[in-house]
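This report looks at a helix, the nonpolar cores and the disulfides of one structure. Please keep the sequence and the model in view while reading.

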Amino acid sequence: MNMRITLLPAALLAVGSLHAAEDLAELSLEDLVKADVTSVARKSQSLADVPAAAFVITAEDIRRSGAQTLPDVLRMAPGVEVAQIDNGRYAVTVRGFNGRFANKLQVLVDGRSLYQPMFAGVMWEIDPIPLEDIERIEIIRGPGAVMWGVNAVNGLINIISRRTRGRAGGAVNVTAGTQGNGNVHARIGGASDADSSWRLSAQGRHLEPSQLHGQSKDGKDRYSSGVVNFRFDRDLGAGSDFSVWASAARSRITELWNFSPTFSPTGGVALLPLTPKQTMSDETLVGRYRWLTAAGIESSIQALIGHASLEIGNFAKEEHVVFDVDYQGRRAVGEHDLTWGLSHRSTRDDIDTHEPYVAIAGENRTARQTGVFLHDDWTLLPERVKLGIGGRLDKATANGTQVSVNATLLWTPSRADSAWLKLARAPRISARGERDISIFTGMSLLPVPSPVPGVPGMNIPVIGYIADNRDLGAEKAKGFELGYRKQFAANLGADVNVYRQRYTDLRGATQVRMYGCHPMFAGFGIAYDPAACTYFGLPAAVPVLFSQNRTVNNLAGTTRGAELAVDWLVRPGWRLQLSYAWSKLDMDDESDPVARAAASAAERSSPRHYGSLRSQWNIDANRQFDVWLRGADGLERVDQINLDPASGGATNFSRVPGYVTLDLRHAHRVGKDLELALVGRNLIARNRVEYISDFIPTAVTEIAPSWAVTARWKF
Amino acid sequence: MYSPRFPRLAVWAVLAGLTLAMPASFGQATTEAQLKAAYLVNFLKYVEWPAQHPVFTICLLGRDSLGASLASYEGRQVGGRELRVRRVGSPEQLADCHELFISDTEEARFGALLRWVENQPILTISDAEVFTRDGGAIALIRSEGRLQFDVNAAALARAGLKPSSQMMRLARQVIGGSR
């Protein structure tokens with residue numbers, strides 16, 4: 001595999017030759033003004049001087065993808081792993097360790113983190129911003145903790161909203177499609193005077209339930225969400241300005257859990273379905289002031305206040321208020337371009353859980369985190385060699401002081417190519433939920449032969465339960481990356497990189513004890529703990545075993561990978577974009593059986609390949625036809641509920657097969673301001689499964705082919 | 001369930017096909033970056049700098065979106081003067097720049113960056129539409145299928161630069177003074 005990956009860029013090199021713009025040089029200004037630009041636009045795409053594996057998704061890419069959710073848009077970037085769980089839930093990560101609660105990725109919208117403090121990840125069920133209001137998305141793979149904060153372990157997704165200046169006017173976008181798909185977005189923008197401008201937008205989305213995998217029943221995942229966004233910008237002159245963002249979002253989605261064990265005294269067990277309704281809300285207000293000092297220091301101070309809530313049926317209700325202040329300074333002097341910053345975040349939560357299903361240690365907690373960083377981009381050789389070096393210190397209530405470091409070397413042998421080397425160390429501070437939550441993790445059946453000959457044995461249910469650990473520490477990652485980027489010609493560029501990242505102190509688990517709910521287990525050397533069993537609602541003398549684990553930092557592993565992105569403007573009106581990522585996770589061997597099982601589960605749930613090929617074709621000035629072919633390798637997920645006694649209590653895996661699917665879009669512009677588009681998504685690899693949820697036993701749903709019609713009206 | 005094994009071969013076949021198809025199509029498309037580069041070179045002929053210098057230097061700041069397109073002009077003669085292109089990152093590096101192109105990704109820093117060139121004979125250009133309103137001299141704008149430009153006459157005057165009347169006439173919009 002490695003061999004073949006290195007061959008490709010070599011092949012590209014062999015055919016590439018820089019095309020000189022001889023003809024353009026002879027043009028006069030008058031000719032240039034009249035020249036038609038027919039090419040498929042890609043603004044802000046250039047990354048020649050970025051010493052990292054980076055990818056930019058533009059507003060046009062988003063529109064032409066036909067996608068209606070942020071995770072679906074992110075599928076086009078190499079190294080980003082996206083797996084849909086149901087109508088609203090997604091597992092999204094960069095460079096491995098994917099999961100519904102993936103926690104090694106930092107996602108920012110205009111500098112505000114979408115971090116869910118319970119599990120240090122993003123809940124994609126709620127739309128932080130309508131897709132239509134995004135100017136571009138920058139994705140930087142690899143550790144970026146120094147500049148972006150301690151959770152940017154594997155990467156950063158930086159979402160930049162449309163600016164308001166020079167963008168007066170409004171737009172209405174309406175989508176209707178199969179599976180009850182409805183999406184309405186409206187935006188209005190204006191300028192209150194020469195220096196002030198604003199935008200107000202709102203979006204509502206709806207989807208009817210999807211199909212349960214392998215059954216003719218629906219997955220109860222009816223989805224509705226809404227978001228209102230406001231942005232105001234005021235130019236104060238002399239390099240200073242002031243901006244305010246306000247947003248409020250809601251989402252509602254039900255899910256089906258095949259989990260509510262009821263036990264019979266003879267050891268039988270039945271699972272009753274539950275359909276908890278999940279509601280989320282988020283309100284955020286952000287203000288930012290930027291100014292320029294006489295000494296030439298560019299400063300920015302941003303303050304945020306936010307409130308969010310998450311309610312899952314009557315199982316858990318979480319609410320938190322967050323305050324965040326962030327200062328950044330920048331000064332370019334001589335060969336140095338210095339950036340420094342100071343940030344403080346305080347989160348106060350209020351959590352209610354339905355014991356014994358879920359329990360939390362401490363219903364109210366305040367977590368504080370203070371960070372300081374310094375980074376320098378140092379031009380060692382003008383035009384040729386640039387060194388980037390930075391460090392960060394964070395002090396968090398839970399995990400003490402953490403150090404992040406980052407060093408990059410960028411070499412640009414010519415205007416058309418650049419190579420970079422990156423070394424970085426990034427910690428991940430443990431999240432509130434990881435430390436303080438106790439929860440069921442699954443169930444299996446243990447076959448026990450009868451001691452009396454002729455009498456049939458029993459299948460004893462073993463219930464997995466993970467208990468809280470207030471001392472859970474930070475995870476650490478150390479990475480190395482080598483990349484090369486080349487502009488072969490004005491219409492062809494490629495980007496290739498390899499990386500290796502070593503993780504230590506990863507969150508795993510270990511067994512604390514095993515106990516039974518029947519006195520007979522004493523005969524097998526297993527304690528009979530009636531008090532604990534009563535807590536779980538089990539009457540005395542039920543033949544059920546509990547395996548109680550606790551979270552600890554006992555895992556380590558290494559990821560290796562290679563990524564490729566090619567951008568080729570075949571003809572002025574036809575662009576092809578290819579991205580491909582290969583990765584492999586090798587977890588260390590563990591002696592602890594629980595850790596060993598967790599390590600194996602992590603390895604087996606990591607797909608090796610992700611690929612995407614997009615074609616954007618402007619048939620003529622008014623018509624566009626776009627094709628998106630994308631796919632992923634298969635993976636395996638642990639069966640949380642394993643009622644097959646044949647497995648003898650061992651971990652069972654379900655395979656999620658790989659897939660290649662196809663999206664199509666045909667758009668027609670009618671007049672100057674109206675565009676109609678027909679979008680077909682997931683047209684092949686029909687009714688596939690992309691992921692099986694972890695921690696929460698959500699029923700497995702299918703991703704079905706869909707069609708939608710979109711009307712976009714600008715005024 | 002439909003369950004294809006990830007068709008690794010198919011992906012590599014597509015890659016190989018792409019690679020093979022490339023040479024045939026070279027040089028057919030003119031990209032927006034090439035047009036912008038041509039504008040930068042052309043402006044040198046339509047603006048008069050206060051002091052003569054044997055070389056013209058175009059300086060690039062921010063995300064380097066035009067470097068590759070400008071490479072083919074480097075070392076060539078423009079108005080009898082040799083053309084050089086350079087990347088810059090701090091005010092100290094601007095000394096002999098005639099033009100400073102600021103990428104639109106630096107929009108948030110326009111105020112600060114324009115301070116660097118204050119009272120220097122440097123023609124500032126960006127591909128962000130708001131640039132001229134922020135005090136920059138020329139903004140390249142994609143509008144109605146063409147790449148056009150706006151001029152801030154006051155910014156040119158402050159820098160001590162004299163634009164030709166033809167350039168002012170071709171501009172889409174002139175602010176801070178009459179054409």
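Leaving aside its neighbours within four places in sequence, which residues is B:Phe43 in contact with?

## Contacts of B:Phe43

In this predicted model, B:Phe43 is in contact with one residue of chain A, A:Leu29, and with B:Glu99, B:Leu123, B:Ile125, B:Ile138, B:Leu140, B:Phe149 and B:Met167 of chain B, once its neighbours within four places in sequence are set aside.

## The nonpolar cores

The largest nonpolar core has 44 residues, and those that touch the most other members are B:Phe43, B:Leu70, B:Leu123, B:Phe149 and B:Met167. Its largest share, nine residues, is supplied by α2(B). Of the residues named here, B:Leu123, B:Phe149 and B:Met167 also appear among the contacts of B:Phe43.

A second core, separate from this one, holds 29 residues, among them A:Phe55, A:Leu70, A:Val107 and A:Trp124. As a general background to such groupings, nonpolar side chains in soluble globular proteins tend to be buried together.

## Helix α2 of chain B

Helix α2 of chain B runs over residues 32–46, and the distance from the first C-alpha to the last among its 15 residues is 21 Å, close to the 21 Å expected at 1.5 Å a residue. The helix is mostly covered, with 13 of its 15 residues buried, and it is this element that gives the largest core its nine-residue share.

## The disulfides

Over all chains the structure holds two disulfides. In chain A, the bond is between A:Cys517 and A:Cys533, with an S to S distance of 2.0 Å, and the torsion about this S-S bond is about -90 degrees, so the disulfide is left-handed. Because A:Cys517 lies in the loop between β27 (492–516) and β28 (527–528) of chain A, while A:Cys533 lies in helix α8 (residues 530–535) of chain A, the pair ties together parts that are 16 residues apart in sequence. A:Cys517 is buried, at a relative accessible area of 1%, and A:Cys533 is buried as well, at 3%.

In chain B, a disulfide is formed by B:Cys59 and B:Cys97, whose sulfur atoms are 2.0 Å apart; with a torsion of about -90 degrees about the S-S bond, this disulfide is therefore left-handed. The pair links distant parts of the chain, 38 residues apart, with B:Cys59 in strand β2 (residues 55–61) of chain B and B:Cys97 in the loop between β4 (81–87) and β5 (99–102) of chain B. Both B:Cys59 and B:Cys97 are buried.

Technical notes. Residues numbered from 1 in each chain as written. Chains lettered and ligands numbered in written order. Predicted model: local features only at pLDDT ≥ 70, side-chain atom pairs only at ≥ 80, totals over all residues. Heavy atoms only, no water. Helix = DSSP H or I, 4+ residues; strand = E, 2+ residues; numbered from the N terminus. Expected span 1.5 Å × (residues − 1). Buried < 20%, exposed > 50% of the residue type's maximum accessible area, 1.4 Å probe, protein only. Disulfide = S-S within 2.5 Å. Core = buried A, V, L, I, M, F, W, Y, C linked by side-chain atoms within 4.5 Å. Contact = heavy atoms within 4.5 Å.
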